[in-house]
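Biologist: Please take me through one loop residue close up, and then carry on to other spots in the chain that deserve a look.

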Amino acid sequence: MMKQAYLVCLSLFIFFPIMLSAQERILVFGDALNQSTALKKELAGKKMEVRNITADGLSDISVDQGRLLLIGEDAPCPPKSRPAISQYLANGGNIIVVGPASFDYRPQPVNPVVVVDFKNIDDYQIIEPPRTPRLASMDKPAIQTVDLPNSTGKGLEFATEKRGMRDIYAQFSIVKEAAPNRSVLTFKAKGNHYMDLLSLQIKDRDNKKWITFVPLSSDWGDYTVSLADFIPEGWDAADMVYPLLGPSRIDSLAMGTNLMTVWREKGMAFAIADVSLCENETDIYAPTSALRPLSLPFQENETTLPQWIIDPFFQSMSIKDAVHIISAKDSPFGEIAQQTVQDVTILANTLAEFPGSLNGTDTKSIYDHRMDREKRVIPLLTTDDGNIVARLDIHAGGPYKHSSIAVFGFSPQSIVAQPQLRNTLVGVADYILHTPRVLKTTINTTIQKNKESVVPKFVVTLQNPTAKTVKGKLSLHIEGIPQKKVDVEISPGETLDRIIKFGEVPTGFSFQQFDWSIELETPDSHDRINETVDVERSMLEAFIYLVNVQKKYPDGRYSHHYFGDAYGVRAMLAYLDFLERNPEHLANNTDLWAKISPNDILESAIHFCDMLVERQLPSGALPMGYSEHASGYNVADGGQMTLALFQLSRYVKDEKKRKSYLDVCYRFLDWAETFYIDEAKSDSLKVSRPKDYAKGNAAAGRYGLGQAGRSRQETGPSWVLADILAAQAYAAYIDNHPSNEIYRKIADRNIKFYANAKYSAAGYYQAEALFWAWLTTDDKAIKKVILENLDASFLPPLYRGKVNDMYDLGSRSTLRALPLLYYQQFMSNTASNRAVLLKYIWSFGANTSMSAMRNLSQTFPKPVHGESLAATKYAALSALWSMELLEPGSTLYQEVK
């Protein structure tokens with residue numbers, strides 16, 4: 001009996017703290033939040049207890065102290081606390097940030113001291129640091145002093161006309177001006193479309209180099225840089241705090257170009273002026289959020305950007321006037337009555353990153369960070385015109401995987417003073433800590449085995465933040481397909497991937513627009529995501545993106561890959577024709593039509609086409625948007641641009657322009673034909689180019705790659721013909737041209753050769769070429785061979801169930817949906833193809849993924865290379881198959897409609 005009593009007492013001793021811990025601790029930093037009795041009471045009602053954390057405590061915070069940190073202060077957190085808070089998030093902690101001040105370390109410069117006089121040539125020197133390997137085909141810049149607008153001062157300008165300049169800097173000593181209290185650099189500067197990032201390099205008195213970068217606009221602007229944003233060159237510890245540059249230890253500053261960070265193939269220009277060292281009125285010397293979008297420029301210079309520089313308010317916009325606030329649509333925290341709030345911050349949708357610039361980076365996995373950006377985004381509160389002012393992000397990838405960051409764009413005083421705003425904050429805290437939820441939904445297909453049909457397969461990532469095992473029902477509903485419901489059991493504090501497989505996608509499924517929802521129901525909670533996938537809307541978002549990025553360049557390009565741009569232009573003109581015949585569609589998506597007009601789309605598309613007319617060489621060669629510094633012209637790239645001009649000509653109403661576009665096509669085809677390898681040329685190349693001949697690249701029936709300067713590449717792989725075959729078929733069989741017979745002979749010869757060679761159609765463009773050949777040839781035997789090739793080499797890779805395969809090859813692979821639609825329309829409407837189409841359409845239009853069109857466009861507002869170029873290609877290529885889905889035959893020629 002005594003033993004039993006002892007055990008009872010022991011159990012009470014052990015479990016009593018656990019019973020108390022049902023009131024989960026919330027760590028709160030900030031006087032207004034800590035002193036709010038109402039906030040504490042409402043949190044207690046949700047089993048949460050406020051614990052004040054001091055400034056010193058922030059620097060030593062851990063998840064053991066509490067799984068949620070609530071920050072709301074009118075001044076920045078101690079700078080030394082950022083690495084600790086970042087580690088707290090990486091270890092599974094969560095934060096709610098109220099007000100934009102918490103991570104704002106921007107300096108406020110005062111008492112400037114000028115450090116260089118650009119009118120005095122002896123005050124600075126021009127240096128050209130060597131680069132290994134040396135980058136060729138650069139031009140020497142003209143360097144001159146220039147007047148400043150609205151000023152008597154002088155600036156120093158560097159400019160080239162045709163090609164980029166080498167790494168070149170104006171360097172000057174600032175030893176005399178350097179002082180411990182002068183920690184801010186200010187200057188005026190401007191760049192141009194291609195020189196849009198200024199490189200800054202400081203050498204200290206120990207001859208150590210410190211680097212940073214500043215994005216430039218094309219107009220003169222005032223720039224402020226904290227010396228704390230200079231990182232030691234070669235720093236390679238993302239999770240560690242780099243040593244800060246000592247302001248008094250500076251020897252010299254260099255300002256100029258870094259060719260690893262900008263597009264170097266076109267004429268560059270930049271100018272600098274009024275360079276000063278200043279004191280900082282805030283007395284805070286710490287790295288600022290200005291570094292956050294510059295990961296790639298630092299990476300290309302073998303320097304690692306620290307990941308602990310967190311600021312969920314970076315790139316946001318402040319509104320000082322009174323603003324009306326309402327609940328976001330479908331907010332899980334219920335409706336609030338309209339609130340009026342003074343001094344509101346409009347949140348940035350996502351971090352807009354500075355693009356990379358090195359050729360080929362759009363296809364290298366080391367430059368692909370899509371999965372790191374994955375998160376579930378829950379808008380909480382918006383202005384009455386739809387701008388988000390409060391949001392919850394639950395990270396599914398990256399350094400803060402499985403952690404939540406909620407942001408409220410109001411002052412802490414506004415939150416605690418207005419009950420409905422306060423209730424929303426409490427609801428978010430409760431949700432973060434106590435609600436099992438859906439974190440991510442990934443669409444795929446099953447893997448084909450034994451020729452059975454593939455079907456949609458979803459991997460749903462669930463998260464249980466509670467301290468107990470959760471059992472419940474997970475249901476996924478797609479409009480037009482029977483609902484699927486499965487049992488789930490999630491361990492405490494864990495995530496779980498649950499697979500849901502559907503049956504065959506029905507023949508009549510509405511691919512153009514469909515609703516879907518997913519729900520996790522437990523005895524104590526209910527979490528739901530619902531969304532409409534609307535292909536026309538996503539296509540329109542792609543057009544808005546393309547029209548905007550075209551404005552980033554002066555010549556009509558959307559990106560540095562014209563062949564990809566051309567697909568988007570085809571979609572634009574086809575859609576405008578569709579709108580003219582179906583004007584009721586202008587009444588849909590009114591929020592998007594407020595950002596763009598049909599005439600904007602038309603002017604953009606025509607600008608691109610006119611550029612090709614203007615820039616085509618007399619020989620017929622077409623520029624590509626890349627290799628321009630080396631005067632490179634590829635047969636393959638030109639073939640895809642020529643197909644675009646041929647195909648879109650049906651939609652061009654200006655007969656003069658239409659004729660000019662067709663003239664470009666025929667001049668190009670004539671130039672391309674000079675690269676054809678006949679038997680005699682093949683025999684000659686066998687002697688002159690034995691290695692290429694051994695690879696098969698000099699075989700009769702193929703085409704050479706193209707030219708660079710005066711040098712011609714007379715050999716080429718099989719895909720060169722694939723890229724020009726559709727254009728040749730158009731000239732031969734579709735367009736009415738006096739020389740049709742000549743082009744017919746060429747097309748007959750090439751279609752027969754290419755079809756019978758049975759080259760794989762697994763790439764993104766080969767299947768498209770085969771479809772144009774199949775549609776235009778009258779040879780039944782050739783049609784049969786093409787169909788057999790498509791069945792053998794195009795379709796099987798699509799049935800392998802590869803996740804996110806549409807983003808492969810720098811997003812070129814999204815184009816596979818276009819020939820897949822052709823196959824469905826002209827050959828066979830199969831269940832397997834419908835499953836693959838659902839995957840491609842879902843990925844493009846479901847905004848729950850950060851890789852959907854809308855989210856990619858916000859992350860990469862300017863394409864150069866790497867992921868930014870892939871985003872533009874994803875927009876252009878996906879827009880074309882979206883248009884074909886919206887109106888079958890619109891991406892082909894009139895007779896097949």
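Modeller: Let's begin with N450, which is exposed, with a relative accessibility of 79% (exposed means over 50% relative accessible area, buried under 20%, partly exposed in between, using a 1.4 Å probe and protein chains only). Bear in mind that this is a predicted model, where local features need pLDDT of at least 70, side-chain atom pairs count only at pLDDT 80 or more, and totals for chains, interfaces and linings use all residues. Residues are numbered from 1 along each chain as its sequence is written, and side-chain values use heavy atoms, with hydrogens and water left out.

N450 sits in the loop that joins β22 (437-445) to β23 (456-463); helices (H or I, at least four residues) and strands (E, at least two) are DSSP runs, numbered from the N terminus. What catches the eye is the backbone: N450 isn't a glycine, yet its phi is positive, about 55 degrees. Most residues other than glycine have a negative phi.

Q315 is another non-glycine residue with a positive phi, near 70 degrees. You'll find Q315 in the loop between α6 (295-300) and β17 (317-327), and at 34% relative accessibility it is partly exposed. A positive phi also turns up at G92, near 105 degrees, following α5.

That brings us to α5 itself, residues 81-90. Eight of its 10 residues are buried, so the helix is largely enclosed by the rest of the structure. The buried ones are S81, R82, P83, A84, I85, S86, Y88 and L89. They pack against α4 (55-58), β3 (68-71), β4 (94-98) and β21 (404-408), going by contacts, meaning heavy atoms within 4.5 Å.

For another buried spot, go to A271 in strand β16, which covers residues 269-280. A271 has 0% relative accessibility, so it counts as buried. Setting aside neighbours within four places in sequence, A271 is in contact with L156, E157, K188, A189, K190 and W220. G155 also belongs in this picture: its C-alpha is 6.4 Å from that of A271, although 116 residues separate the two along the chain.

Let's finish back at the surface with D778, in the loop between α19 (766-776) and α20 (780-798). D778 has a relative accessible area of 72%, so it is exposed, and the loop residue we started from, N450, is exposed as well, at 79%.
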